[in-house]
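The following exercises are to be worked through with the sequence and the coordinates at hand. Each task is followed by a solution in steps.

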Amino acid sequence: MFFAPELHVRTPPRPEGTPRTLAEYVSLFAAAEPGQIAGEATALYLWSQTAAARIAEVRPDARIIAILREPASFLRSLHLQFVQTYVETEGDLRKALALEQERRGGRAIPRHSYWPQALLYSEHVRYVSSCVATTPRFQRRTCWC
């Protein structure tokens with residue numbers, strides 16, 4: 001989550017923490033051998049409004065690959081994951097979707113949710129518009145497999 005500071009509202013507890021400086025982030029790749037290609041897989045960057053631009057500042061030659069699921073099955077899976085990881089307390093997806101408008105206004109948010117903005121489910125399936133808005137060189141290739 002290094003390149004998406006706006007997602008650091010209340011990050012989940014991690015023994016290793018989240019790098020706070022570019023030097024700390026780069027140190028994650030210190031074990032790579034010379035000539036070895038190194039990278040990371042951070043799905044949360046898809047929800048970031050700043051990550052693509054920040055990555056481009058540090059590595060203009062970076063290649064970003066996004067593999068996306070069909071939206072309906074993705075939301076069912078995401079909701080289940082959120083319930084299991086205590087982001088969401090509403091166990092019924094239809095009811096959780098119905099709460100979205102209230103949640104946009106800061107209401108009906110689970111007390112201990114460490115990622116309340118994630119409860120806006122419709123925002124999670126705006127893949128293409130988000131990528132195009134934040135990545136000038138975005139190339140769209142679609143395959144719902």
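**Exercise 1. Overall architecture**

How many helices and how many strands are there in the chain? Describe also the burial and the exposed surface of the chain.

Solution. The model is a predicted one.
- Step 1: the chain contains six helices and zero strands, which gives the pattern α-α-α-α-α-α along the sequence.
- Step 2: the chain has 145 residues, and 26% of them count as buried.
- Step 3: about 10,300 Å² is exposed by the chain, with carbon and sulfur atoms supplying 56% of that area.
- Step 4: of the contacts between residues at least 6 apart in sequence, 54% join residues at least 24 apart.

**Exercise 2. The largest nonpolar core**

Determine which members of the largest nonpolar core touch the most other members, and which elements give two or more residues to this core.

Solution.
- Step 1: the core comprises 19 residues, and those touching the most other members are F3, Y45, L78, F82, V87, W115 and Y121.
- Step 2: two or more residues are given by α2 and by α3 (71-84).
- Step 3: α3 provides the largest share, namely four residues.
- Step 4: for Y121, leave aside residues up to four places away in sequence; its contacts are then L75, L78, H79, F82, E88, A96, L97, E100 and R103.

**Exercise 3. Aromatic pairs around F3**

Classify the ring pairs that F3 forms with Y25 and with Y45.

Solution.
- Step 1: the whole structure holds seven aromatic pairs.
- Step 2: in the pair of F3 and Y25, the centres are 5.0 Å apart and the planes make an angle of 75°, an edge-to-face arrangement. F3 belongs to the segment before α1 and Y25 to helix α1, 22 residues apart, so that the pair links distant parts of the chain. Both F3 and Y25 are buried.
- Step 3: the pair of F3 and Y45 is likewise edge-to-face, at 6.3 Å centre to centre and 70° between the planes. Here F3 is joined to a residue 42 places away, as Y45 lies in the loop between α1 and α2. Y45 is buried, as is F3.
- Step 4: ring pairs link F2, F3, Y25, F29 and Y45 into a cluster.

**Exercise 4. Positive phi values**

Which phi values do Y86 and A108 have, and is each residue buried, partly exposed or exposed?

Solution.
- Step 1: most residues other than glycine have a negative phi.
- Step 2: Y86 is not a glycine, yet its phi is positive, about 70°. Y86 sits in the loop between α3 and α4 (93-98). Its relative accessible area is 63%, and Y86 is therefore exposed, the cut-off being over 50%.
- Step 3: A108 also has a positive phi, near 60°, and is placed in the loop between α5 (100-104) and α6 (127-134). With a relative accessible area of 35%, A108 is partly exposed because this value falls between 20% and 50%.

**Exercise 5. Surface positions**

Assign L22 and A41 to an exposure class, and state where each residue lies.

Solution.
- Step 1: L22 is in helix α1 and, at 39% relative accessibility, counts as partly exposed.
- Step 2: L22 forms a nonpolar surface patch with V26 and V58, and their accessible area together is about 230 Å².
- Step 3: A41 occupies the loop between α1 (22-27) and α2 (51-58). At 80% relative accessibility, A41 counts as exposed.
- Step 4: A41 and M1 are 40 residues apart in sequence, while their C-alpha atoms are 9.9 Å apart in space.

Key. Residues numbered from 1 in each chain as written. Predicted model: local features only at pLDDT ≥ 70, side-chain atom pairs only at ≥ 80, totals over all residues. Heavy atoms only, no water. Buried < 20%, exposed > 50% of the residue type's maximum accessible area, 1.4 Å probe, protein only. Core = buried A, V, L, I, M, F, W, Y, C linked by side-chain atoms within 4.5 Å. Contact = heavy atoms within 4.5 Å. Patch = residues over 30% accessible without salt bridge, like charges linked within 9 Å, V, L, I, M, F, W, Y side chains within 5 Å. Areas by Shrake-Rupley, 256 points an atom, 1.4 Å probe, with all protein chains shown as cover. Salt bridge = Lys/Arg side-chain N within 4 Å of Asp/Glu carboxyl O. Phe/Tyr/Trp six-rings, centres within 6.5 Å; stacked < 30°, edge-to-face > 60°.
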